[in-house]
Amino acid sequence: MTLPKKRSCLEEIKPYVPGKPIGEVKRELGLQDVIKLASNENPLGPSPRAQEAMREAIPEVNYYPDGNCFELKKSLAVYLGVEEEQLIIGNGSDEILKLLAETYLEPGDEVIMPQPSFSEYEFVTRIMGGRIKYAPLKSDFNYDLQTLLGMVSERTRFVFICSPNNPTGTIVDQQSLDEFLQALLPGIITVLDEAYYEYVTAKDYPHSIDYVKNDKPVIALRTFSKIYGLAGLRIGYGIAPFSLIQDLNRVREPFNVNHMAQVAALAALEDKDHVNRSLEMVEAGREQINVGLQKMGLEPVPSQANYFFVDTGVDSQELFHAMLRRGVIVRTGDIFGFPTYIRVNYGTSEQNERFLTALQQAREELT
Ligand SMILES: *Cc1c(COP(=O)(O)O)cnc(C)c1O
């Protein structure tokens, strides 16, 4: 069979390899009891109120969803203190990243992203034929915004700042970001990926919405996939000045966010109890994991998110398989360029205990 030639920019793109699903591990290894701590999902599940809202919405799915997400935007606008016109809802915040690239990137345009960080920035850039400049994080995995600034050229369209950064859990502080935005040339959009915003406890975490209110070329991205526990529905949102939102709406599919996702997100936003329980679980998990790792002589990167990045001292692929045999799925650091690190999300206290035991046994097996 002869197919037409693929677009040349696709040569550099490899299909995304997601965190291994639980069902796959059970099938492949014949295990009954498997836990996944590899994709920063919420182990407490979706909010009970979101589940109820979805049950009630089942008879309505013969209709197309509201293409404008009217109810959800109304509720989010109040919650965030912004105008509804400053919001865009996406099929996951991943979709909003793609809309940004489709809206603003011509072939050969450049973006700047930290290294290591979230691979989706590379994907959306490459698919439009854009070029990527990588700015390494400092040795403590904090941002070096001066380095990012120094990489700006006439072709730069976006600077991606992931805060808390995936996979390191580190954040950019308010003052550094203020100074960075002050110094950045006009005509460049700063994409502030705040997927883990709700978990942050640091006092100097930036108020990103103020930049939007002051009409800076900034878009803040948030999601219902993490603390709200709705990753399987695919729904996230962007907060940006109206003119930027208007541009994005030109490329957005008319019914990009499905009805179940809209209904569940609206209910989840109002379920403060579920959010608080999820936060408490992560805070307790951080303590439990730090103590457990310390006993093994390991020190995770200080994290403001629901996951941590740690140097295990052994090959992360071998470790991954040794832990998989014990029914624990983690994310290997090699994909981020750190072959002895793993990224793991905090689980329930039993899951954390199981992780620590599996890690200890796996490391003994490998050394
Ligand atoms: C999980 C994650 C997202 C959210 O993706 P969704 O498409 O909303 O599920 C965005 N950015 C980062 C850095 C993430 O880790």
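Me: Where do the domain bounds in this predicted model come from?
Reply: Domain bounds come from an automatic or database domain assignment. For this chain, the assignment gives domain 1 (18-45 + 273-366) and domain 2 (48-270). Their C-alpha centres lie 26 Å apart.

Me: What makes residues of domain 1 and domain 2 count as in contact?
Reply: Contact means heavy atoms within 4.5 Å. By that rule, 25 residues of domain 1 are in contact with 24 residues of domain 2.

Me: Why is the pair between serine 93 and the ligand called a polar contact?
Reply: A polar contact needs a pair of N or O atoms within 3.5 Å. A backbone N or O atom of serine 93 lies 2.7 Å from a ligand oxygen, so the pair counts.

Me: What makes the pair between tyrosine 196 and the ligand a polar contact?
Reply: The cut-off is 3.5 Å. A polar side-chain atom of tyrosine 196 lies 2.6 Å from an oxygen atom of the ligand, so this pair counts. Threonine 223 also places a polar side-chain atom 2.6 Å from a ligand oxygen.

Me: How much of the ligand does the protein bury?
Reply: Taken alone, the ligand exposes 390 Å². The protein buries 94% of that.

Me: Which residues surround the ligand most closely?
Reply: The closest of the 13 are Tyr196, Thr223, Ser225, Lys226 and Arg234. The shell divides into four nonpolar, five polar and four charged residues.

Technical notes:
Residues are numbered from 1 along each chain as its sequence is written. This is a predicted model: local features need pLDDT of at least 70, side-chain atom pairs count only at pLDDT 80 or more; totals for chains, interfaces and linings use all residues. Side-chain values use heavy atoms; hydrogens and water are left out. A residue is near a molecule or strand if one of its heavy atoms lies within 4 Å of it. A polar contact is a pair of N or O atoms within 3.5 Å; within protein, one must be able to donate a hydrogen and the other to accept it, and residues adjacent in sequence count only if both atoms are side-chain atoms. Accessible areas come from the Shrake-Rupley method with a 1.4 Å probe; for residues, only the protein chains shown count as cover. Ala, Val, Leu, Ile, Met, Phe, Trp, Tyr, Cys and Pro count as nonpolar, Asp, Glu, Lys and Arg as charged, and the others, Gly among them, as polar.
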